[in-house]
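User: I've got a chain loaded and want to talk through its packing, its charges and its odd backbone spots. Can you take my questions one at a time?

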Amino acid sequence: MQIRSLLSLAALFVSTLGLQAALAPSAAEIAPLQAGAKAPAVNLTTVEGADLDLAAALAQKPTVLIFYRGSWCPYCNRHLAALATIEPQLLAMGCQILALSPDEPAGLRAMTEKNHLNYRLLSDHAMQAASAFGVAFRVDAKTIETYKGYGVALTPVPGEPAARWLPVPAVFVIGRDGTIKFVHTDPDYKVRLSPDAIIAAAKSAL
């Protein structure tokens, strides 16, 4: 029993080290996965609170995978609302939209209802996907305090109670075989890929 406990602790330690390795010091220093790479296998949470295997979801059809900061971010709200306007075109092309954020299910519901979204929002509260896709970054102390003043509670970094992290907003177009076909990120969270550019990227990928 003692050996089993030690092995569990060791596995947790290695897992935490892996997350730390994927945590960029700043938004400008992220190293996102590039076209040609395979989408990593990670677990997410649905609006209903159920577990979801990202690999299984990607295998259903070509996917426009979105990383956004959270329901509290006005730029994310505008971007996700804009995505809703092109969803019919993407569906006609055989594509689906999946949008990931550190929000817990309650935040996903708020975002869905506020922007009248039909596509799926998924919780990456543990930042597994953001880390694995290379878009997670450490939030500086001043920004943490600023957001705290607005009532925004950012996600803690494992093993660092005072540290917080976020995903850089990103767009990945991924084929049914899990291969990344297109990537767009920008360290300036106010800059988002336009709906027309997303449609063009999806057409090119297909």
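What follows is a set of questions and answers on this predicted model.

User: Let's start broad. How many helices and strands does the chain have, and what share of its residues counts as buried?

Analyst: The secondary structure comes to 7 helices and 10 strands. The chain has 206 residues. Of these, the share that counts as buried is 45%.

User: How much of the contact network joins residues at least 24 apart in sequence?

Analyst: The pool here is contacts between residues at least 6 apart in sequence. Within that pool, the share joining residues at least 24 apart is 72%.

User: Which residues touch the most other members of the largest nonpolar core?

Analyst: That core has 37 residues. Elements giving two or more residues to it include β3 (63-67), β4 (96-101), α6 (141-149) and β9 (170-174). Apart from it lies another core, of 25 residues, with V47 and C95 among them. Back in the largest core, the residues touching the most other members are L65, F67, F133 and F172.

User: Zooming in on L65, which residues is it in contact with once its neighbours within four places are left aside?

Analyst: In general, nonpolar side chains in soluble globular proteins tend to be buried together. L65 is one of the residues touching the most other members of the 37-residue core. Leaving aside neighbours within four places in sequence, the contacts of L65 are L54, L98, L100, F133, A170, V171, F172 and I174.

User: On to charges. Which salt bridge links distant parts of the chain, and what is its N to O distance?

Analyst: A search of the whole structure finds 2 salt bridges. The one linking distant parts of the chain has R138 in strand β6 and E160 in strand β8, 22 residues apart. R138 is partly exposed because its relative accessibility is 31%, and E160 is partly exposed too, at 23%. So the pair is R138 with E160, and the closest N and O atoms are 2.8 Å apart.

User: What about the salt bridge within α6: which residues form it, and how far apart are they in sequence?

Analyst: Here the side chains meet at 3.3 Å, N to O. K148 counts as exposed at 52% relative accessibility, whereas E145 is partly exposed at 48%, because the line for exposed is drawn at over 50%. About one helical turn separates the two, so the answer is K148 and E145, 3 residues apart.

User: D124 looks odd to me. Which side chain of opposite charge is nearest to it, and how far away?

Analyst: D124 is found in the loop between β5 (120-123) and α5. The residue is buried yet has no salt bridge. Its side chain does reach the backbone nitrogen of Q128, at 3.0 Å. As for opposite charge, the nearest side chain is R69, 14 Å away.

User: Is Y147 buried or exposed? And how far is its C-alpha atom from that of W72?

Analyst: Y147 lies in helix α6, and it counts as buried because its relative accessibility is 12%. Leaving aside neighbours within four places in sequence, its contacts include R69, W72, L166 and Y189. Y147 and W72 are 75 residues apart along the chain, and their C-alpha atoms are separated by 9.9 Å.

User: Which residue caps the N-terminal end of α6?

Analyst: Look for a side-chain oxygen by the backbone nitrogen of K142. That oxygen lies 3.2 Å from the nitrogen, and it belongs to D140.

User: Last one, on backbone angles. H116 and M127 have positive phi although neither is a glycine; which of the two is buried?

Analyst: H116 has a phi of about 55 degrees and sits in the loop between α4 (105-115) and β5. M127, with a phi of about 60 degrees, lies in the loop between β5 and α5. H116 is exposed because its relative accessible area is 65%. At 0% relative accessible area, the buried one is therefore M127.

Conventions
Residues numbered from 1 in each chain as written. Predicted model: local features only at pLDDT ≥ 70, side-chain atom pairs only at ≥ 80, totals over all residues. Heavy atoms only, no water. Core = buried A, V, L, I, M, F, W, Y, C linked by side-chain atoms within 4.5 Å. Buried < 20%, exposed > 50% of the residue type's maximum accessible area, 1.4 Å probe, protein only. Helix = DSSP H or I, 4+ residues; strand = E, 2+ residues; numbered from the N terminus. Contact = heavy atoms within 4.5 Å. Lys, Arg positive; Asp, Glu negative; His and termini not counted. Salt bridge = Lys/Arg side-chain N within 4 Å of Asp/Glu carboxyl O. Polar contact = N/O pair within 3.5 Å; in protein donor to acceptor, adjacent residues only side chain to side chain.
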